[in-house]
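Visitor: I am new to this structure. Please take one part of it and go through that part closely, then show me where it sits in the whole.

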Amino acid sequence: MLLPSDGEIEILGKRLDRMSGGQRDRWRAQAIGVVFQQFNLIPYLDAVDNIRLAAHFGPQRVAGNAAEELLRALNIEEAMFHRATSQLSIGQQQRVAIARALVNRPALLIADEPTSSLDARNRDQFMELLLAQAQASDTAVVFVSHDPSLAGYFQRVEPLASLNRATGTQPAAGAP
Amino acid sequence: MFLRLANQSLWSRRGSVSLTFLAITVSVFVLLGIEKIREQTRASFSSTIAGTDLVVGARTGDINLLLYSVFRLGTPTNNIGWKSYQDILGAPEVAWAIPLSLGDSHRGYRVVGTNLSYFEHYRYGQDQPLRLATGKPFESTFDVVLGSTVARSLGYGLGDKLVLAHGLGQTSFSEHSQTPFAVSGILAPTGTPVDNTLHISLTGLEAMHVGWNEGVNLTAKASTARQLEDAELVPDSITAVLVGLNSKLSTFGFQRAINNYRREPLLAILPGVTLTQLWETMGAAEQALRLISVLVLVASLLGLAAMLLASIRERQREIAVMRAMGASPRYLLALIEAEALLITLAACLVAALSLELVTLLAGQLIGDQTGLRITPSLPTAIQLGYLLMILLGAMLLSLIPAIAAYRQALHQSLA
C-alpha cells in the first residue's frame with residue numbers, strides 16, 4: 001500500500017497516514033477485500049484454505065465454516081473444496097477469489113480488472129455473483145475495468161482520466 | 001493455519017525440499033552417530049575391567065601395560081618371574097591374583113595362559129563376573145575356553161580341536177601342531193576383549209612350549225601330548241598379574257611396595273587411572289571427528305538457507321498476494337523461518353530414529369567387525385543439546401531468506 005509523501009489519505013474514516021505499518025496491515029485485512037485481475041490465489045492451497053487464510057489475516061471473529069458457506073453460495077461443488085486451486089477452472093478460481101475477498105465481510109471491495117480475460121457470458125455471470133455476494137455482506141465495490149459495457153452494473157462511474165489529476169499530465173491510455 | 005500454510009508451501013516444493021531434508025538428515029545422522037559411538041565406546045571402554053585394584057607387569061609404560069594385559073593389544077615388552085607372582089599372591093594385603101601369560105595366538109585371536117582364578121575373580125562392567133555360556137573351565141592341560149566372539153566367528157563348539165600358533169600374527173609359520181587343544185567351554189558375551197581371547201591353563205601353555213626355545217621348535221621328535229599331559233609343569237615366567245586387594249585402603253601402599261620390589265623391576269598401575277589417561281590420549285581424534293561432522297552440518301544448513309532463498313524469487317507473487325490479504329512483513333519472515341524449522345525438525349527426528357534403527361539392526365554386525373558395541377539408547381543430554389543447537393543454527397541461517405522475504409514484502413506490490 002503506497003502512502004502519500006505529503007498530505008493525508010483517509011479511507012472509511014480512517015487516517016491511513018497516521019497508522020503504524022502493523023495497524024495498517026490489520027486494518028486492510030479486515031476492511032478491504034481485493035479481487036485481482038489474475039485472481040492470484042495461493043496455488044498450493046486448496047479453495048477452502050485460500051479463503052481461510054484471508055480470514056486468518058483478518059479479525060478472528062469469522063466463523064469456522066464461513067469459507068465453506070461462501071463457496072456453497074457461489075455454486076462451487078463440494079468435491080472442489082479441497083482441490084489445489086491450480087487445478088480449478090478459471091471460472092471456479094474467480095469464485096474462490098470472490099469468496100476470499102469477502103470472507104472478512106469488508107466494508108470495501110476493490111476489484112482490479114477481474115473480467116478482462118473473460119468472455120461476455122462468463123463476465124456477466126461473474127458480475128452477478130460478485131455483486132450479489134457483496135450485497136449480502138454489505139460491501140461497497142470499487143471496480144476498475146476497461147470495459148464500458150459493465151457501467152450498467154454500478155451506481156457511479158468515473159473515468160480514470162478525470163480522477164488522475166495528481167500527475168498533471170493525462171495518461172495516454174486510460175480507462176474510460 | 002500458519003503451520004498449515006508452511007506445510008502446504010513446503011509440500012508444493014517437495015522436490016527441492018526433500019533433497020535439502022535429506023542433506024540435513026544425513027549430516028545430523030553423522031553428528032549424532034559420532035556422539036553415540038563416542039559415548040558408548042567410552043562406556044564400554046571404562047567397563048572393560050572392574051574389581052581389579054592393580055595390574056602388575058614388567059617395568060614399561062603405564063598405558064602399554066594396560067593395553068597388553070587388559071586390551072590384549074600390542075606386544076608385552078618383558079615378562080615377570082613366577083617367583084614374583086607367588087610373592088604377590090602370598091602378600092597379606094592380596095585377596096586374589098590372576099596370572100596372565102601372553103604371546104601365542106590362534107588365527108589372529110590372542111591366547112592367554114592363566115589359571116582358574118581368572119574365571120572366579122575377573123570382573124567387568126558393573127562388577128559382573130565371567131559366565132560360561134556352555135561347557136566348563138579348563139580342567140586338563142589341553143583344554144581351552146573360548147571367548148564368545150572367537151567361538152562364533154571361527155565356528156567352534158564344545159570338544160572341537162584347535163592348534164595354537166606361536167607369536168601374534170594372523171598367520172603363523174610356527175604352529176604348536178603336536179599339542180592340539182580341545183574346547184572345554186565357551187564364555188558368554190561380555191563386550192570386552194575377553195570375547196576375543198582364548199584361555200588356556202598355564203600348564204597347557206608350558207606344555208605347548210616344551211622343547212621350544214626362542215620361538216623355534218628344536219626337538220626333532222616332539223614330545224607327545226600324552227607324555228606332557230601328566231607332567232607337572234610350572235612356568236618360569238608370566239606376563240602380567242591382575243591383583244585384587246582385601247582393602248582398597250592399601251592400594252597405594254601396595255602399589256609402592258611392588259614398584260620397589262627388590263628381586264626384579266616391576267610396575268603396578270591402577271587400571272581406572274590408566275584407562276582415563278588412555279582415553280584422554282584419544283581426545284584429539286575425537287575432537288577432529290566432531291569438528292568435521294559440525295562442518296558437514298553447517299554446510300547442509302547453508303544448503304537449506306540457499307534453497308529457501310531461491311524459493312523467495314519464485315514466490316514473489318505469492319508474497320505480494322499475502323501482503324494484499326493483510327499479512328504483515330513479519331508474518332512472512334516467520335513463515336520462512338517456520339518452513340526452515342519444519343524441515344530441520346523433521347530431519348532431526350528422522351536422523352535420530354534411523355540412528356537407533358541402524359544400531360538395532362546392525363549393532364551386532366558392527367560389533368563383530370570393529371569390536372565396538374553400539375546399542376540403541378534414549379538420547380542423552382548431550383545429544384539433545386546438539387539437536388537444540390542444530391535447530392537454533394537452522395533458524396539463524398534461515399534469517400537470510402526470511403529477511404529477503406521480509407524486504408520483498410515491504411517493497412513489492414502486485415503488478
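Guide: Helix H12 of chain B runs over residues 316-324, and its buried residues are Glu318(B), Ile319(B), Ala320(B), Val321(B), Met322(B) and Arg323(B). The model is a predicted one. To count as buried, a residue must have under 20% relative accessible area. Glu318(B) and Arg323(B) meet that mark along with Ile319(B), Ala320(B), Val321(B) and Met322(B). An α-helix has 3.6 residues a turn, so residues three or four places apart point the same way. In H12(B) the buried residues form an unbroken run from Glu318(B) to Met322(B) and on to Arg323(B). Just after the helix comes Gly326(B), which takes a positive phi of about 110°.

Now the chain around the helix. Chain B contains 15 helices and 17 strands. Of its 415 residues, 49% count as buried. The domain assignment splits chain B into domain 1, made of 2-45 and 282-414, and domain 2, made of 54-269. By these bounds H12(B), at residues 316-324, belongs to domain 1.

How far apart are the C-alpha centres of domain 1 and domain 2 of chain B? They lie 51 Å apart. Where the domains are in contact, four residues of domain 1 of chain B meet four residues of domain 2 of chain B.

The overall dimensions of chain B can be set beside this. Taken along the principal axes, the box filled by its C-alpha atoms is roughly 105 × 45 × 30 Å. The radius of gyration of chain B is 31 Å, where a compact globule of 415 residues would have one near 22 Å. Among contacts in chain B with a separation of 6 or more, 80% are between residues 24 or more positions apart.

Surface and charge complete the account of this chain. Chain B exposes about 19500 Å², and carbon and sulfur atoms supply 61% of that area. Its side chains include 30 positive and 29 negative ones, and the centres of these two sets are 13 Å apart.

Technical notes. Residues are numbered from 1 along each chain as its sequence is written. Chains are lettered from A and ligands numbered from 1 in the order in which they are written. This is a predicted model: local features need pLDDT of at least 70, side-chain atom pairs count only at pLDDT 80 or more; totals for chains, interfaces and linings use all residues. Side-chain values use heavy atoms; hydrogens and water are left out. Helices (H or I, at least four residues) and strands (E, at least two) are DSSP runs, numbered from the N terminus. The radius of gyration is taken over C-alpha atoms; the globule rule is 2.2 Å times the number of residues to the power 0.38. Buried means under 20% relative accessible area, exposed over 50%, partly exposed in between (1.4 Å probe, protein chains only). Contact means heavy atoms within 4.5 Å. Accessible areas come from the Shrake-Rupley method with a 1.4 Å probe; for residues, only the protein chains shown count as cover. Lys and Arg count as positive and Asp and Glu as negative; His and the chain ends are not counted. The place of a charge is taken as NZ of Lys, CZ of Arg, CG of Asp or CD of Glu. Domain bounds come from an automatic or database domain assignment.
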